[in-house]
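Subject: Structure for you, plus notes

Hi,

Here is the structure I promised to pass on. Have a look at it first, and then read my notes below.

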Amino acid sequence: MDEFIAGLPKCELHLHIEGTLEPELKFELARRNGIELPYRSAEEARAAYVFDSLTSFLVGYYASMDVLRTEPDFYDLATAYLVKAAAQNVRYAEIFFDPQAHTSRGVPFDLVIRGLRRAILDAERREGIRAQLIMCFLRDSEAGFAMATLLESLPYREWIAGVGLDSDERGNPPVKFERVFARAREEGYLLTMHCDVDQENTTEHIRQCLDVIGVDRIDHGVNALDDPALVDKARERGIGFTVCPVSNGFVTDGPKAEVVRRMLDLGLRVTINSDDPAYFEAYVAENLQLVRDELGLTRDELARLERNAFEIAWLPPAIRDGYLAELAEYTATAP
Ligand code: HPA
Ligand code: ZN
């Protein structure tokens with residue numbers, strides 16, 4: 001690992017907490033909850049994570065969540081991620097969670113969010129890492145289920161920075177959730193949505209995000225480059241893109257590092273993130289390392305990626321400025 005990357009103060013904005021479930025923890029949770037897994041070891045479980053598209057990835061991904069049952073399970077899941085992230089000098093993370101993937105199995109919303117919240121507070125105290133939650137809706141479920149989940153979240157409003165949209169994009173455009181996101185905005189949530197890479201109608205979905213939903217940023221969204229009008233609009237509005245190169249390498253035809261170069265050159269607010277690090281075996285530092293290696297990024301460009309992330313993060317100005325100052329100090333003094 002490049003030493004400059006290792007020490008760089010980092011901001012992670014595209015991270016699914018359920019995607020941080022390492023096979024070892026999965027085994028531990030299965031044992032704790034008396035669940036029989038179809039593998040004998042963590043190595044066997046890891047070998048069984050085989051996929052070549054978003055759809056095939058999501059099948060195993062959602063099945064794995066069955067081991068998450070109790071408040072301490074969610075606490076341990078988030079704690080494991082936060083400890084790892086802090087060790088990579090992630091200073092701040094915005095963490096997606098998928099409540100519907102749990103409530104649909106009979107695991108209460110309250111238990112999920114309490115476990116995650118407690119882990120965040122403890123990690124902040126112990127590791128000095130700050131984090132906030134983003135609640136994602138499952139786009140391949142009915143909009144009514146998303147609306148019910150939004151209403152269920154309102155008592156916990158102070159614990160959730162914003163809402164997002166994930167799972168299988170095929171046939172599930174942003175406009176399907178227009179009312180849900182309008183209501184979320186009224187409730188004071190900030191808005192983001194996945195526009196996964198190389199999906200059917202992808203530029204139309206990005207357009208809907210910008211023109212109909214009015215998102216504050218876009219997760220992935222690299223196909224905006226296919227349409228100059230989208231590039232102009234995103235740049236004018238300062239829309240951030242949370243790009244995940246190693247993830248792209250697994251679920252599309254490659255890591256798409258060259259789009260990061262183009263986005264940087266076009267003045268778009270591109271950021272580098274890990275998505276589902278337990279499945280893609282790369283946390284945020286490894287993602288930065290990949291784009292550095294593929295593109296020969298300079299230190300200034302690496303720092304720029306993190307500056308973009310802190311700039312688009314859903315933080316109060318004083319806290320954001322603190323991180324930006326820390327980043328500036330690091331780039332001025334790193335050996
Ligand atoms: N896209 C859609 N759904 C997801 C993803 C993703 O990148 N990661 C986890 N769920
Ligand atoms: Zn994602």
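One thing up front: this is a predicted model.

Let me start with helix 17, residues 317-333. At 1.5 Å a residue, its 17 residues should span 24 Å, and the end C-alpha atoms are indeed 24 Å apart, so the two values agree. Which residues of helix 17 are buried? They are Arg320, Tyr323, Leu324, Leu327 and Tyr330. Looking down the axis of helix 17, you'll see these buried residues fall within an arc of 120 degrees, so they line one face of the helix. That fits a general point: an α-helix has 3.6 residues a turn, so residues three or four places apart point the same way. The other side of helix 17 has Pro317, Ala318, Glu329, Ala332 and Thr333 exposed. As for partners, the buried residues of helix 17 pack against helix 1 (3-7), strand 2 (90-97), strand 3 (130-138) and helix 16.

Helix 16 also turns up in a helix pair. Helix 13 (residues 257-265) packs with helix 16 (residues 299-312) at an angle of about 75 degrees, and the axes are 12 Å apart. The two helices are therefore roughly perpendicular to each other. Helix 13 brings Val260, Arg261 and Leu264 to the contact, while helix 16 brings Glu301, Arg304, Leu305 and Asn308. By type, the residues of this contact divide into three nonpolar, one polar and three charged.

Just ahead of helix 13 is Lys256, in the loop between helix 12 (245-251) and helix 13. Lys256 has a positive phi of about 60 degrees although it is not a glycine. Is Lys256 buried or exposed? With a relative accessible area of 12%, Lys256 is buried. Lys256 is also one of the residues touched by Val197. Val197 sits in the loop between strand 5 (190-195) and helix 10 (202-213), and is buried at a relative accessible area of 6%. Besides Lys256, Val197 touches His220, Val222, Asn223, Asn248 and Thr252, leaving aside residues up to four places away in sequence. Val197 and Cys244 are 47 residues apart in sequence and 9.9 Å apart in space, C-alpha to C-alpha.

Next, two more helices to look at:

- Helix 5 (residues 71-87) has 17 residues and reaches 24 Å from its first C-alpha to its last, close to the 24 Å expected. Its buried residues are Asp73, Phe74, Tyr75, Leu77, Ala78, Thr79, Tyr81, Leu82, Ala85 and Ala86. Their cover includes strand 1 (10-16), helix 2 (23-32), strand 2, helix 6 (99-103), helix 7 (109-127) and strand 3.
- Helix 7 should span 27 Å with its 19 residues at 1.5 Å a residue, and its end C-alpha atoms are 26 Å apart, which agrees. Buried in helix 7 are Phe109, Leu111, Val112, Ile113, Gly115, Leu116, Ala119, Ile120, Asp122 and Ala123. What covers them includes helix 5, strand 2, helix 6, strand 3, helix 8 (143-153) and strand 4 (160-166). After helix 7 comes Gly128, with a positive phi near 75 degrees.

Asn89 lies in the loop between helix 5 and strand 2. It has a positive phi of about 60 degrees although it is not a glycine. At 24% relative accessibility, Asn89 counts as partly exposed.

Asn89 is among the residues that Lys10 touches. Lys10 belongs to strand 1, and is buried, with a relative accessible area of 0%. What else does Lys10 touch, not counting residues up to four places away in sequence? The contacts include Ile5, Gln88, Val90, Arg91, Tyr92, Val284, Ala285, Leu288, Glu306 and Phe310. By contrast, Lys10 and Asp110 are 30 Å apart in space, C-alpha to C-alpha, with their positions 100 residues apart in sequence.

Last, strand 2 holds Glu94, which counts as buried at 0% relative accessibility. Glu94 touches Glu12, Leu13, His14, Leu15, Gln132, Ile134, Arg217, Ala313 and Trp314, again leaving out residues up to four places away in sequence. Of those, Glu12 is 82 residues from Glu94 in sequence but 6.3 Å from it in space, C-alpha to C-alpha.

Cheers

Methods. Residues numbered from 1 in each chain as written. Chains lettered and ligands numbered in written order. Predicted model: local features only at pLDDT ≥ 70, side-chain atom pairs only at ≥ 80, totals over all residues. Heavy atoms only, no water. Axes fitted to C-alpha atoms, helices over the stretch in contact; angles between N-to-C directions. Helix = DSSP H or I, 4+ residues; strand = E, 2+ residues; numbered from the N terminus. Parallel < 35°, antiparallel > 145°, perpendicular 65-115°, else oblique. Contact = heavy atoms within 4.5 Å. Nonpolar A, V, L, I, M, F, W, Y, C, P; charged D, E, K, R; others polar. Expected span 1.5 Å × (residues − 1). Buried < 20%, exposed > 50% of the residue type's maximum accessible area, 1.4 Å probe, protein only. Arc of directions from axis to C-beta.
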